[in-house]
Amino acid sequence: MLIDEIKRTGIIPVVVIERAQDAVKVASSLLAGGIDFMEITFRTEDAWKGIRNVSQNCPEMHVGAGTIVNVAQCKMAIDAGAQFIISPGISEEVIEYAMEREIQVIPGCATPTELMKARAYHITLVKFFPANVLGGPAALKSLHAPFKDMCFIPTGGIDKNSMKEYLQLPYVPAVGGSWVCAKEDIYCGNYIKIEMEAGEAVRIIKELRR
């Protein structure tokens, strides 16, 4: 199951692709560093092209689409080869569209009401965003208390220092973050740094899970 693969990896880098031709190079750098998941965010026009390029050229990479806020984006992402869909909030239309196509959907949930909506669809893995603004690990502990079956992927304001505090929680299989492949590094072609950041994140996760 995809959730098992996500837990094994421990991190889903959030990737902003301004130029579609950069996507495969970013994916290759992440793989070289030991990360085989990436979320290409739908904040740019070339996002779907980047997903398509990775899907066609990097079969070992689990590539998904992030910041999906409507069905049109969801369709575009799935048609391009996205293996999972991540939304910043709850969209019943997006959830139903992805589920009908047997694509893992990870909606954003920040309140008990949103968690209850997710559970109504038998979803037990959600995104917690923006994690740093919403209270961080302390907020997750409070949210998890009445929802023992829920797991969270916190995203937003997380870096290699703060990720440890999140990953120590048993109901956090992975964190999301953009520091591993910063937009500036992608634009400048600094792929060695991306590989190094990926490797460092993997090292931290392995130490935590010994």
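Visitor: How much surface does the chain expose, and what share of it do carbon and sulfur atoms supply?

Guide: Split exposed area by atom type to read a surface. In this predicted model, the chain exposes about 9,600 Å². Carbon and sulfur atoms supply 51% of that area.

Visitor: What share of the residues is buried?

Guide: Burial is judged by relative accessible area, and under 20% counts as buried. Here buried residues make up 53% of the 210 in the chain.

Visitor: How does the radius of gyration compare with that of a compact globule?

Guide: Compare the chain with the value for its length. A compact globule of 210 residues would have a radius of gyration near 17 Å. This chain has 16 Å, which agrees. For the outline, take the box along the principal axes: the C-alpha atoms fill roughly 45 × 40 × 30 Å.

Visitor: Where are the mean positions of the positive and negative charges, relative to each other?

Guide: Average each set, then take the distance. The chain has 22 positive and 25 negative charges. Their mean positions are 4 Å apart.

Visitor: How many helices and strands should I look for?

Guide: Look for 10 helices and eight strands. Then check how far along the sequence contacts reach. Take the contacts between residues at least 6 apart in sequence: 59% of them join residues at least 24 apart.

Visitor: Is strand β1 enclosed or open?

Guide: Count its buried residues. β1 spans residues 11-15, and five of the five are buried, so the strand is largely enclosed by the rest of the structure. Now check each face. I11, P13 and V15 are buried on one side. I12 and V14 are buried on the other. Both faces are therefore covered.

Visitor: Which strands are joined to β1 by bridges?

Guide: Read the bridges strand by strand. Three bridges join β1 to β8, residues 175-177, and the two run parallel. One pairing to find there is I12 with G176 of β8. Two bridges join β1 to β2, residues 37-41, again in parallel. On that side, V14 has E39 of β2 as its bridge partner, and V15 stands opposite I40.

Visitor: How many residues of β2 are buried?

Guide: Five of its five residues are buried, and β2 is mostly covered. Both faces are covered too. F37, E39 and T41 are buried on one side. M38 and I40 are buried on the other.

Visitor: Is T9 buried or exposed?

Guide: Use the relative accessibility. T9 is at 7%, so it counts as buried. T9 lies in helix α1, residues 2-9. Next, list its contacts, leaving out residues up to four places away in sequence. T9 touches I35, D36, F37, I205 and R209. One of these, F37, is itself buried in β2.

Visitor: What is the relative accessible area of E92?

Guide: E92 has 38%, which makes it partly exposed. E92 lies in helix α5, residues 92-100. Apply the contact reading once more, again leaving out residues up to four places away in sequence. E92 touches K117 and Y121.

Visitor: How far apart are E92 and N70 in sequence and in space?

Guide: Set the two distances side by side. E92 and N70 are 22 residues apart in sequence. In space they are 9.4 Å apart, C-alpha to C-alpha.

Methods. Residues numbered from 1 in each chain as written. Predicted model: local features only at pLDDT ≥ 70, side-chain atom pairs only at ≥ 80, totals over all residues. Heavy atoms only, no water. Helix = DSSP H or I, 4+ residues; strand = E, 2+ residues; numbered from the N terminus. Rg over C-alpha atoms; globule rule 2.2 N^0.38 Å. Buried < 20%, exposed > 50% of the residue type's maximum accessible area, 1.4 Å probe, protein only. Contact = heavy atoms within 4.5 Å. Areas by Shrake-Rupley, 256 points an atom, 1.4 Å probe, with all protein chains shown as cover. Lys, Arg positive; Asp, Glu negative; His and termini not counted. Charge placed at Lys NZ, Arg CZ, Asp CG, Glu CD. Pairing = 2+ DSSP bridges.
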